[in-house]
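Q: Please take a close look at the barrel in this model, above all at the charged side chains on its strands. Which contacts do they make, and how do the strands pair around them?

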Amino acid sequence: MFTGIVEELGEVTAVERLSDASRFRLRGPVVTEGAKHGDSIAVNGVCLTVVDTAEGEFTADVMAETLKRSSLGALAPGSRVNLERPMELGGRLGGHLVQGHVDGTGTIVERTPSEHWEIVKVSLPPELTRYVVEKGSITVDGVSLTVVDAAADHFTISLIPTTLDLTTLGHKQPGDPVNLEVDVVAKYVERMLGDRAGRDPR
């Protein structure tokens with residue numbers, strides 16, 4: 001479980017393309033401190049399992065399903081990535097509950113800079129529309145954010161200078177893909193209400 005508060009702006013150092021998967025080598029001295037085989041690290045909001053670590057870098061295998069459902073397949077050596085270690089129970093929850101299970105991908109549509117922040121418009125897959133609400137939470141490339149406006153095919157977010165400086169969202173341009181994870185609570189509520197409706201027509 002993650003919070004969507006990015007700890008480090010890392011970098012892809014190597015990509016090995018396999019027949020039905022990819023192996024990534026990523027640099028992240030902060031998130032690899034104390035990390036060991038089997039630990040989890042979120043990469044652009046995708047929960048990956050550490051295969052090994054060495055000198056501030058870690059290796060992770062990315063299976064075909066993850067490549068299909070996320071934007072990780074577009075990464076190449078030199079790509080910058082948002083990195084976060086799992087939350088520790090008993091600590092402060094700075095963002096919102098994030099699983100690192102990507103629900104779909106969107107695209108940066110436009111950026112509108114202001115004096116102290118920037119409004120970013122992101123396209124929204126139709127199957128995720130019902131989970132995105134004004135002032136609700138959404139994770140974009142692993143960053144926990146508050147939705148400013150929500151429409152059927154897009155939503156907007158407001159990025160403060162810290163987010164622009166310390167995450168990949170400060171560098172994304174219109175047309176760039178981003179990973180999206182909606183609030184898991186909304187999905188559970190929908191499922192429970194649907195089950196209830198199926199049992200009780202009233």
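**The barrel and its charged pairs**

A: Glu11 counts as partly exposed, because its relative accessibility is 28% and the buried class ends at 20%. The model is predicted, so every value here is computed from that prediction.

Start with the partner of Glu11. Its side chain meets that of Arg27 in a salt bridge, 3.4 Å from N to O. This pair joins distant parts of the chain: Glu11 sits in strand β1 (residues 8–17) and Arg27 in strand β2 (residues 21–27), 16 residues apart. Arg27 is also partly exposed, because its relative accessibility is 36%.

The contact does not stand alone. Glu11 and Arg27 belong to a salt-bridge network that also takes in Arg25, Asp52 and Glu57. In the structure as a whole there are 14 salt bridges.

Now the strands behind these residues. A closed barrel of 6 strands runs in the order β1-β2-β5-β4-β3-β6, with antiparallel pairing. From one strand to the next, the twist averages 45 degrees. In general, strands of a sheet pair through backbone hydrogen bonds, in a parallel or an antiparallel sense.

Take the pairs in turn. β1 and β2 are antiparallel, with 6 bridges between them. Arg17 has Ser22 of β2 as its bridge partner. Ser22 in turn has a bridge partner in β5, namely Val62. β2 and β5 pair over 7 bridges, again antiparallel.

A salt bridge also spans β2 and β5. Arg23 pairs with Asp61, and the closest N and O atoms are 2.5 Å apart. Arg23 lies in β2 and Asp61 in strand β5 (residues 57–63), 38 residues apart along the chain. Is this pair buried or exposed? Neither class fits Arg23, because 31% relative accessibility makes it partly exposed. Asp61 is partly exposed too, because its figure is 38%. Set that against the strand that carries Asp61: β5 is mostly covered, with 5 of its 7 residues buried.

Next comes β4. This strand (residues 46–54) pairs with β5 in the antiparallel sense over 4 bridges. Asp52, one of the network residues, has Thr59 of β5 as its bridge partner. The hairpin of β4 and β5 has 2 residues between the strands. In that hairpin, Glu55 takes a positive phi near 50 degrees.

For contrast, look at a charged pair on a helix. Glu190 and Arg130 meet through their side chains in a salt bridge, 2.4 Å from N to O. Glu190 is in helix α3, whereas Arg130 is in the loop between β8 (118–123) and β9 (137–140), 60 residues apart. Glu190 is partly exposed, because its relative accessible area is 33%. Arg130 counts as exposed, because its relative accessibility is 51% and the exposed class covers values over 50%.

The helix carries a nonpolar residue of note as well. Val185 lies in α3, which spans residues 184–199. Val185 is partly exposed, because its relative accessible area is 46%. Together with Tyr188, Val189, Met192 and Leu193, Val185 forms a nonpolar surface patch of about 510 Å² accessible area.

Back to the barrel to close. Glu11 in β1 reaches Arg27 in β2, and Arg23 in β2 reaches Asp61 in β5.

Terms used: Residues numbered from 1 in each chain as written. Predicted model: local features only at pLDDT ≥ 70, side-chain atom pairs only at ≥ 80, totals over all residues. Heavy atoms only, no water. Patch = residues over 30% accessible without salt bridge, like charges linked within 9 Å, V, L, I, M, F, W, Y side chains within 5 Å. Areas by Shrake-Rupley, 256 points an atom, 1.4 Å probe, with all protein chains shown as cover. Salt bridge = Lys/Arg side-chain N within 4 Å of Asp/Glu carboxyl O. Buried < 20%, exposed > 50% of the residue type's maximum accessible area, 1.4 Å probe, protein only. Pairing = 2+ DSSP bridges. Axes fitted to C-alpha atoms, helices over the stretch in contact; angles between N-to-C directions.
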